[in-house]
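Biologist: I am new to this one, so could you walk me through it? I would like to hear the reasoning behind each label you use.

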Amino acid sequence: ATVNLLENEYLEPVGLSKAVKGLMVANKPSWILDLLKLILLPSENKKNPNQKSHGSNRNLINLFIVFAVKAEKAKLMSYLQQLEIFPDDVPRLKALIRNNGLKEEAEYLDSKYVSSKGGGET
């Protein structure tokens, strides 16, 4: 319920950082994911001020993927399809995903980011 309040209220970057850190200390990965989903993933609420302000934040995107790999493996592919990952972060995230047994999701990153650049791994 608290996370839903943020859908219409702007959260300052410092407040967001404190919220995420507090949830990490409290070992609440599902709450972190709920908060980051609200900020990063497209929603029906086009007026979400947090999505507009923080939705392309590189660190939040990477943090979200790390927590999703650990806590919501079954939904990771859907998340990857909705996010724009910074190309420089793809190799590190792909390794994390592959090391957690998610081969299909790692291959998706290859196809979306590496292959589209005309390059690839050998």
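Modeller: Happily; we can take the labels one by one.

Biologist: How do you know how confident the predictor is in this chain?

Modeller: This is a predicted model, and the mean pLDDT of the protein chain is 84, with 84% of its residues at 70 or more. Confidence is highest in helix α7, at a mean of 96, and lowest in helix α1 (residues 2-5), at 54. Over residues 118-122 the pLDDT stays under 50.

Biologist: Let us look at α7, then. What puts its buried residues on the same side of the helix?

Modeller: The buried residues there are Val90, Leu93, Lys94 and Ile97. They share one side of α7 because they cover an arc of only 100 degrees around the axis. Arg92 and Asn99 are exposed on the other side of the helix.

Biologist: What do the buried residues of α7 pack against?

Modeller: Their partners are α5 (58-71), α6 (76-82) and α8 (103-114).

Biologist: Why is aspartate 110 called buried or exposed?

Modeller: Its relative accessible area is 18%. Buried means under 20%, so aspartate 110 counts as buried. Aspartate 110 lies in helix α8.

Biologist: What makes the link between aspartate 110 and lysine 94 a polar contact?

Modeller: Their side chains are joined at 2.7 Å, and the cut-off is within 3.5 Å. The distance therefore fits the label of polar contact.

Biologist: And asparagine 27: why is that residue called buried or exposed?

Modeller: Asparagine 27 has a relative accessibility of 61%. Exposed means over 50%, so asparagine 27 counts as exposed. The residue sits in the loop between α2 and α3.

Biologist: What makes the phi of asparagine 27 worth a remark?

Modeller: Most residues other than glycine have a negative phi. Asparagine 27 is not a glycine, yet its phi is positive, near 55 degrees. Just after α7, glycine 101 also takes a positive phi, of about 80 degrees.

Biologist: Which residues have the most contacts inside the largest nonpolar core?

Modeller: Ile65, Ile85, Ile97 and Leu109 do, in a core of 32 residues. α5 gives the most to this core, with 7 residues.

Biologist: Which residues does isoleucine 85 touch, leaving out those up to four places away in sequence?

Modeller: Isoleucine 85 touches Ile61, Ile65, Leu80, Val90, Leu93, Leu109 and Tyr113. In general, nonpolar side chains of soluble globular proteins tend to be buried together.

Key
Residues are numbered from 1 along each chain as its sequence is written. Side-chain values use heavy atoms; hydrogens and water are left out. Buried means under 20% relative accessible area, exposed over 50%, partly exposed in between (1.4 Å probe, protein chains only). Helices (H or I, at least four residues) and strands (E, at least two) are DSSP runs, numbered from the N terminus. The arc is that of the directions from the helix axis to the C-beta atoms. Contact means heavy atoms within 4.5 Å. A nonpolar core is a set of buried Ala, Val, Leu, Ile, Met, Phe, Trp, Tyr and Cys residues joined through side-chain atoms within 4.5 Å. pLDDT is the predictor's confidence in each residue, from 0 to 100. A polar contact is a pair of N or O atoms within 3.5 Å; within protein, one must be able to donate a hydrogen and the other to accept it, and residues adjacent in sequence count only if both atoms are side-chain atoms.
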